[in-house]
Amino acid sequence: MSRFKAMVLSGTLTPTPLSAINWDTIGFGGIVTPFVGGSVALSDGIFEPVSVVPNGTIAVPPLACCLNYGQELFEGMKAQRGPDGKIRMFRIEANAQRMAKGAARFMLSPPPQELYRQAVIATVKANADYVPPYGKGSLYVRPILAGVGMTLSPVPSDTTLFLVTCIPVGLHYKGSAMINVKVETEFQRAAAKGTGWVKAAGNYAPCFLPSYEAKHQGYDDLLFLNQTGSHVEEVGTANFAVVKNGVLYAADSPSILPGITRDSVMRIAREILHMDVVFGPLELDRVLGLGAYAHEGPADEAFFTGTAAVISPISKIHYRGKDYTFGDTPGPFATQLRDQLVGIQTGRYPDPFGWVAEVD
Ligand code: PLP
Ligand code: COI
C-alpha cells in the first residue's frame, strides 16, 4: 500500500451525490468530490508514485509540523469544460514551479513537475463527473504540500504530504458582478522581506479578521497596501490591476503572490490586445487620482485577477472616508481581457501560448 493511501482515511467523507448538485447555484465550497490524489516523500525527498483514492479525512499525528508550525503551502487551479465538452487545465507547469519555489523557502520536499502534473490530471480525471457543464463553473483544484512528520522542536518535518483535492465552484464573488472594496489602512497582509510571495497557508488566516470586518461594513473585500501605505499590494485572494488611458498597470511587490492569472492577463494584453503594460510597484495615488496624479483623475478601470477571482471588476474603492468610483458595469478592457482569458482556458479560442492541457 502506498504511504499516501495509508494516510487517507478513505470513506470517512461522503461524496455529494451528483443528483444533489444544481449547477446553476453552486457557490464556492460545500461539495465533496469522490476522489483525492497525492503522494508522500520521506526524508530523502523522493515522492512515491501518485495514487488516487476514495476521499477521506487525512491521518496526521498531533505533533505534525503543519499543525504546530504552519509548514504548509497550497496552490489553486481550475479544470473547465469547453463548449466541445472536453476538460482542460490551465498552466499546470507554472503552478508546479510556484509550489516548488515555496517548498524551497519552507524546507518542504518539492514535488517534481511531472509528478505534480500526473497528480492533478489523475485526480481531475477521477472526479470528471464533478466538472461543471460549460459555462456553469469549474472544478477548483487545490494541491496542498504539508510537513506531516512529528516535530516538537520548530524544525522542518521529515515527511512531506502532497495532496490534491478538488471541488466544483461557481463564481468566487458570487452575486456581485461588480465588487466594492475598502483600502485597508490598519492591517498589512505581509512583511517586507517576509513570505507574502509564497502561497503559504499562514498568509491567509491573518486576513480573516480585517476581511470579516470589511464584509460586515458591506465591502466584498480589502485592498492591502505596502508597508509604508504608499503602494497597492493585492487583495487577500487575488492580484490588483488598473487600466488608465488604455495602459494596463499590474501591481507588483516583493511581498505579494506572483499570480499566474496576472501573468496571463499581461501577456494577453500585450500580445493579443496590443496594449501597453506597466508591471511594477503601483502607487495608490495613481489608482485614485491623488497627489502627483490629481490632474489625471482616477483610473478608468480597476479589477482583481486570480484563479478563483478570474477577472473581477471593481465598482468602488473606499479610502479614508471617501469612495472612488470606476463604473457600475464591467469596463471594455476588463471585459475583453476576461473574454480572451476564459476563451483560451475553455478552448473557445486558440491557445497561442501553450497554456492549456486537455485532461482526456
Ligand atoms: N494573491 C493571492 C494572495 C492569492 O491567494 C491568489 C490566488 O491564487 C492570487 C494573488 C492570484 O494568483 P493566481 O492568479 O495564480 O491564482
Ligand atoms: C485561488 O484563486 O486559487 C486562491 O487560492 C484564492 C483562494 C484563497 C480562494
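Is M107 buried or exposed? In this model, which is a predicted one, M107 has a relative accessible area of 57%, and since the cut-off for exposed is over 50%, M107 counts as exposed. The residue sits in the loop that runs between helix 3 (92–106) and helix 4 (113–126), and its backbone deserves a look as well, because most residues other than glycine have a negative phi. M107, although it is not a glycine, has a positive phi of about 55°.

There is a second residue of this kind, and I would like to set it beside M107. N245 is also not a glycine, and its phi is positive, near 50°. N245 belongs to the loop between strand 13 (239–244) and strand 14 (247–251), and with a relative accessibility of 64% it counts as exposed.

Let me turn now to the chain as a whole. The protein is divided into domain 1 (3–169) and domain 2 (179–346), and the C-alpha centres of the two domains lie 27 Å apart. To the contact between them, domain 1 contributes 24 residues and domain 2 contributes 19 residues.

Where does the second largest pocket lie with respect to these domains? Both domain 1 and domain 2 give residues to its lining, so the pocket lies between them. Its volume is about 530 Å³, and of the 32 residues that line this pocket, those closest to its centre are Q80, G137, V310, R338 and V342. The elements that supply two or more residues to the lining are strand 6 (77–81), helix 6 (260–271) and helix 8 (332–345), and of the contributions, that of helix 8 is the most, with 5 residues. As for chemical character, the lining divides into 12 nonpolar, 12 polar and 8 charged residues.

I would next like to go through three buried residues, beginning with T160. T160 is found in strand 9 (residues 160–169), and its relative accessible area is 3%, which means that it is buried, the limit being under 20%. A polar atom of the T160 side chain lies 3.2 Å from the backbone nitrogen of S109. Apart from residues up to four places away in sequence, T160 touches S39, V40, A41, F47, L108, S109, L145 and A146.

That list includes L145, which is my next residue. L145 lies in strand 8 (residues 138–147), and because its relative accessibility is 0%, it counts as buried. Setting aside residues up to four places away in sequence, its contacts include F47, L108, S109 and T160, and also Q71, E72, L73, M99 and A103. For a sense of how sequence and space relate here, L145 and G38 are 107 residues apart in sequence, while their C-alpha atoms are 9.7 Å apart.

The last of the three is I87, which lies in strand 7 (residues 87–90) and, at 1% relative accessibility, counts as buried. Which residues does I87 contact, leaving aside its neighbours within four places in sequence? They are A79, Q80, R81, V124, A128, V131, A357, E358, V359 and D360. Q80, one of these contacts of I87, has already come up as one of the residues closest to the centre of the second largest pocket. Finally, I87 and A250 are 163 residues apart in sequence and 30 Å apart in space, taken from C-alpha to C-alpha.

How values were computed:
Residues numbered from 1 in each chain as written. Chains lettered and ligands numbered in written order. Predicted model: local features only at pLDDT ≥ 70, side-chain atom pairs only at ≥ 80, totals over all residues. Heavy atoms only, no water. Helix = DSSP H or I, 4+ residues; strand = E, 2+ residues; numbered from the N terminus. Buried < 20%, exposed > 50% of the residue type's maximum accessible area, 1.4 Å probe, protein only. Polar contact = N/O pair within 3.5 Å; in protein donor to acceptor, adjacent residues only side chain to side chain. Contact = heavy atoms within 4.5 Å. 1 Å grid on protein atoms, 1.4 Å probe; cavity = no way out; pocket = protein on both sides within 12 Å on 5 of 7 lines; lining within 4 Å. Points joined across faces, edges and corners; volume = space filled by probe spheres on them. Nonpolar A, V, L, I, M, F, W, Y, C, P; charged D, E, K, R; others polar. Domains from an automatic or database assignment.
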